[in-house]
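Subject: Structure handover

Hello,

Here is the structure I said I would pass on. My notes on what was found in it follow below.

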Amino acid sequence: MLDEFEIDYELINYVINEDLDKLLAKTHLLRNSKHGNKIYQCAIINAKSGRCPENCAYCAQSVHYNTNITEYNLLSNDQIFSSATKAFDNGATQFSIVTSGRDITFEELERLEPVICKIKEKTNLRLCASFGLLSKQLADKLKIIGFDRYHHNIETSPTFFPSICSSHDFEDSVITIKNAKEAELEVCCGGIIGMGESWEQRYEMAKYISMLDINAIPLNFLNPIANTPLEKQALLDPEEALRVVSLFRVINPDINICIAGGREKTLKHLQDKIFQAGANGIMIGDYLTTTGRSIDEDKQMIRDQGLVTYGI
């Protein structure tokens, strides 16, 4: 698939070298023309934590690294329902149930089915599953029990992926996305910026995603975790992070872009500029193994930018 496009070095150089205010003015107009002044909010629950057999270099939940996170099996349906209703009350329109591991079992899905029905009955949340690699049979089952969307990140570009993970291939993720789409699930697919990839590889990632015909791009910024291979990776400069968001918006003008994990540490005082850079969504609340900032602060940030949310 990489043979189907060439790297646009002119665009990369423009994004890197243009005056930041001028760049953000253009991506702000682009975002507003395609998505208006509304910002969507999504939330997640870490429904099964730790003991993942994969060796992704950034991940606190991998069994290969001693990160001292809290490990637990699949949460109860009551715990998941409570988290979903809290997210809904805080204005989220999307809620994702995330489990660690290479994939999920049919038995675990059967256990989740009653709470999926209950969440759909009691809220207007669109439900997203994030269960790792996905077979056609698992994808069909997700659709049957009521999920609206599947989340699966490609994480980085095809050429940089082998530097990040060797326990599965990049193509495994592409097959997962294909299986989810064939099951008529929406797809959310993004990755992590700041793992040591080049600007060319950031372009590759953004362009590759544009060719997958997906619905939303979650962009995370690396938050280095102690005792993982990337523990010493420096945080991205805040201005560089904004330029990356702008690059993804220019390459994917019509797709929702949601800024998720690591934004607080990476963007710091420039966090309120993510919408000018092109984002039209944020993840609210906590992440998988790290904490986010208060929901009230995020809501105030959105209001201060003259924007509104889809939720309350």
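To start with one loop residue: G306 counts as exposed because its relative accessibility is 54%, where exposed means over 50% relative accessible area, buried under 20% and partly exposed in between (1.4 Å probe, protein chains only). G306 sits in the loop between helix 10 (295-304) and strand 10 (308-309). Helices (H or I, at least four residues) and strands (E, at least two) are DSSP runs, numbered from the N terminus. From G306 to P238 the separation is 68 residues in sequence and 22 Å in space, C-alpha to C-alpha.

Before the rest, two notes on the source. This is a predicted model, in which local features need pLDDT of at least 70 and side-chain atom pairs count only at pLDDT 80 or more, while totals for chains, interfaces and linings use all residues. Residues are numbered from 1 along each chain as its sequence is written, and side-chain values use heavy atoms, with hydrogens and water left out.

Strand 2 and its neighbours

Strand 2 (residues 94-99) is mostly covered, with 6 of its 6 residues buried. The cover is on both faces: Q94, S96 and V98 are buried on one side, and F95, I97 and T99 on the other.

Strand 1 (residues 38-48) runs parallel to strand 2 and is joined to it by 6 bridges; two strands pair if DSSP finds at least two bridges between them. I45 has I97 of strand 2 as its bridge partner. Between strand 1 and strand 2 the chain passes through helix 3 (residues 77-89), and this β-α-β crossover is right-handed. That term applies if, with the strands pointing away from the viewer, the path from the first strand over the helix to the second runs clockwise.

Strand 3 (residues 126-130) is also parallel to strand 2, and 5 bridges join them. Here V98 has S130 of strand 3 as its bridge partner. Strand 2, helix 4 (residues 106-122) and strand 3 form a right-handed β-α-β unit.

Strand 7 and its neighbours

Strand 7 (216-221) is mostly covered, and 6 of its 6 residues are buried. A216, P218 and N220 are buried on one side of strand 7, and I217, L219 and F221 are buried on the other.

Strand 6 (residues 191-193) pairs with strand 7 in the parallel sense over 3 bridges, and I192 stands opposite N220. The chain goes from strand 6 through helix 7 to strand 7 in a right-handed β-α-β crossover. Strand 8 (residues 256-259) is parallel to strand 7 and joined to it by 4 bridges, with A216 opposite N256. Strand 7, helix 8 and strand 8 make a right-handed β-α-β unit.

Two loop residues are worth listing here. Most residues other than glycine have a negative phi. D213, in the loop between helix 7 and strand 7, has a positive phi near 55°. D213 is exposed because its relative accessible area is 57%. N227, in the loop between strand 7 and helix 8, has a positive phi of about 75° and is not a glycine either. N227 is partly exposed, with a relative accessible area of 42%.

Helix 8 and the helices it meets

Which helices does helix 8 cross at right-handed angles? Helix 1 crosses helix 8 in the right-handed sense, and helix 7 passes helix 8 in a right-handed crossing. A crossing is right-handed if the near helix is turned clockwise from the far one by less than a right angle, and left-handed if anticlockwise.

The axes of helix 1 (residues 9-17) and helix 8 (residues 238-251) come within 9 Å and cross at roughly 140°. Axes are lines fitted to C-alpha atoms, for helices over the stretch in contact, and angles run from 0 to 180 degrees between N-to-C directions. L11, V15, I16 and N17 of helix 1 make the contact with R243, L247, V250 and I251 of helix 8, contact meaning heavy atoms within 4.5 Å. By class, this contact has 6 nonpolar, 1 polar and 1 charged residues. Ala, Val, Leu, Ile, Met, Phe, Trp, Tyr, Cys and Pro count as nonpolar, Asp, Glu, Lys and Arg as charged, and the others, Gly among them, as polar.

The axes of helix 7 (residues 199-210) and helix 8 also come within 9 Å, crossing at roughly 35°. On the helix 7 side the contact includes W199, Y203 and K207, and on the helix 8 side E240, V244 and F248 are among the residues met. By class, the contact of helix 7 with helix 8 has 9 nonpolar, 1 polar and 4 charged residues.

Regards
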